[in-house]
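Got your viewer open? Load the model, keep the selection tool handy, and let's take a walk through it.

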Amino acid sequence: MNDSPQDEPQTFASFLNLVKKLEKVVQETPELSMGEKEKEEEAKGISEDRSASEELASAQIVKESELEGVEKHTDKIKKEDVQIKTNGKGKLKESTIEYLLKIEEQLIQHYSGTEVQLEDFYFKIEDISDEQIVRKIKSKFHSMENISLRKKLNVGFPFALFKIDGKYKITVPISTGEMAIPTYVEGSRKHLKLQSIGTKEIPTLDSDEINIWNQAMSKLQLKITQILNYKAKDDLSKINPENIQLVEADIITIQEFIKGYEKKIKDVKSFSVEIYKFLEDLKQNISDGKGLWKDFEEFLEASTNLKEQIESLQKKHQELSKETQIEYLKLRKEQRQINGKTKRYKIEEKRGKEITREKKKELVTNLREFQSKKKHLQRDIDKTKEIQDTVDLWNEILLTEDQQTATQKIRENYDLALFSSINGLLEEGASEEIFGNIREYETSIDKITIHVIYIPATICEFRAVQKEKKIEGKIAYFNLTKEITFFKPTLV
């Protein structure tokens, strides 16, 4: 992508004013004569007879890098002062621009706080003669004779190149035992997607024919990105070609696409690639003796989080200390009782009094339970001391409020623990642990740019003779792929 400074985005209102000023000049410009050009389909690797497996392969190689190429061309066209002429005078229809402007205004209202920009572009429609269309029909139905065209209608079907720019910030805690050191995965994300956005109303087509049209559009969408990528520079324009009827863009389709993206990024797992890369980089930073945070601002944010954890640990220490003291007093009492009973039994045995087996067994059981409680109490005492040591250490670490000093002390005390924790998170099958521990993450959509590109097609009605019967047929010819779709008769 071009990193050079960008011009101010052109709104539809300013563009409409520019068109009105230049309209007189455009009308006075002589028409450009263009000879008939029937380019060989093999020149660009586009064939009418591509198999289903080839179309699937085409879908798989449509990459975001190709969409970036289309975006680059549309951005360039948007900023150019010289308007590119297509076949004819190239006269912009104000009704189209006003309709799109209404869509833009609705999006601005719906996504308040987000910069929204919607631009229109038109793909040049190349002339195709009646004879060429007849030859294409004949190539599919060899049995047809006396083919004659009755009607031809050029339509422009809208596709949207969505570009959604946003930011994300995810807090990934790295455990050191009692503490979880917060680290931050943040950055910007650009999402590019090409999507058909036409309404269900297609000129001259009935409901059954529209179903066939939609199937053809789905196939076209598999190829359109690659085709646009190498043809956008010469064949895209801000000028709506003459003699073409535009299919309206559907605001609901646009909104549903954006809502689907919003729903996706609300799931932190959609940032798994970024999180894993961050952990790999963090692991390398620790190996290289570098810090955990990229700047002082992140350090302050982490310090606030760590201080909250220290306060929580202090409360835990107080509660555990209180419980330990109570348990200690209980055990002292139990110990005195066991000691007293043991001493009494010994005295009674010396005097010749027999102590029953049940009493001895009960005394042994009580002694074992006491020893178990004593070990548990010792663990609690050690835990209490460990928590206090952790609190004291982290108070010392954060006392200076100096990033370099704090990082150095963390490295001295927790280097191995950090390295071990990150290695554990990067192990296969550890994703649930990563995402299960993430409690804080935020995303925002800062800018929505929609380039509406009208792709031309020609709907033709014809008459012919087939097997000595007169028939009527209808096809759609798609300029970009040089392919035809039959509405009737059905192509088997």
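Start by showing the surface of the protein chain. About 28500 Å² of it is exposed, and carbon and sulfur atoms supply 47% of that area. Keep in mind as you look around that this is a predicted model.

Now switch to a cartoon view. You should be able to pick out 12 helices and eight strands in the protein chain. Of its 492 residues, 42% are buried. The contacts reach far along the sequence, too: take those between residues at least 6 apart in sequence, and 82% of them join residues at least 24 apart.

**Stop one: helix α5**

Select residues 130-140, which form helix α5. Which of its residues are buried? Colour Q132, I133, K136 and I137, and you have them. Look down the helix axis next: these buried residues sit on the same side of α5, because they cover an arc of only 140° around the axis. The spacing fits a general rule: an α-helix has 3.6 residues a turn, so residues three or four places apart point the same way.

What do the buried residues of α5 pack against? Add β2 (144-175), β6 (441-466), β7 (469-478) and β8 (483-488) to your selection, and the partners are in view. Keep β2 and β6 highlighted for the next stops.

**Stop two: strand β2**

Click on A160, which lies in strand β2. Its relative accessible area is 0%, so A160 is buried. Show what surrounds A160: leaving out residues up to four places away in sequence, it touches K193, L194, Q195, I197, I450, H451 and V452. One of those, I450, makes a nice distance to draw. A160 and I450 are 290 residues apart in sequence, yet their C-alpha atoms are 6.1 Å apart in space.

Stay in β2 and move to N146, another residue of this strand. Is N146 buried or exposed? Its relative accessibility is 61%, so N146 counts as exposed. Check the backbone as well: phi of N146 is near 50°, a positive value in a residue other than glycine.

**Stop three: a cavity**

Turn on cavity display if your viewer has it. A search of the whole structure finds three cavities of 30 Å³ or more. We'll visit the second largest, with a volume of about 50 Å³. To see its walls, select G166, K167, Y168, R189, Y261, I265, F271, S444 and I445. The elements giving two or more residues to this lining are β2, α7 (251-265) and β6. Which element supplies the largest share of the lining? That is β2, with three residues. Colour the lining by residue type and you'll get five nonpolar, two polar and two charged residues.

**Stop four: the loop after α7**

Follow the chain into the loop between α7 and α8 (272-287), where V268 is found. V268 has 8% relative accessibility; buried means under 20%, so V268 counts as buried. Bring up its contacts: not counting residues up to four places away in sequence, V268 touches I170, I275, F435, I438 and Y441. Then draw a line from V268 to E442: they are 174 residues apart along the chain, with 8.9 Å between their C-alpha atoms.

**Stop five: helix α6**

Select residues 207-235 to bring up helix α6, and find N211 in it. N211 is partly exposed, with a relative accessible area of 44%. From N211, draw a C-alpha to C-alpha line to K200: the two are 11 residues apart in sequence and 9.4 Å apart in space.

**Last stop: two backbone details**

Jump to the loop between β6 and β7 and pick K467. K467 is not a glycine, but its phi is positive, at about 55°. Its relative accessibility is 70%, so K467 counts as exposed.

Finish in the segment after β8, where you'll find P489. Zoom in on the peptide bond from K488 to P489: the bond is cis, with omega near -10°.

How values were computed: Residues are numbered from 1 along each chain as its sequence is written. This is a predicted model: local features need pLDDT of at least 70, side-chain atom pairs count only at pLDDT 80 or more; totals for chains, interfaces and linings use all residues. Side-chain values use heavy atoms; hydrogens and water are left out. Buried means under 20% relative accessible area, exposed over 50%, partly exposed in between (1.4 Å probe, protein chains only). Helices (H or I, at least four residues) and strands (E, at least two) are DSSP runs, numbered from the N terminus. The arc is that of the directions from the helix axis to the C-beta atoms. Contact means heavy atoms within 4.5 Å. Accessible areas come from the Shrake-Rupley method with a 1.4 Å probe; for residues, only the protein chains shown count as cover. On a 1 Å grid over the protein atoms alone, a cavity is a set of points where a 1.4 Å probe fits but cannot get out, and a pocket is an open set with protein on both sides within 12 Å along at least five of seven lines; lining residues have an atom within 4 Å of a point. Grid points are joined across faces, edges and corners, and a volume is the space filled by probe spheres set on the points. Ala, Val, Leu, Ile, Met, Phe, Trp, Tyr, Cys and Pro count as nonpolar, Asp, Glu, Lys and Arg as charged, and the others, Gly among them, as polar.
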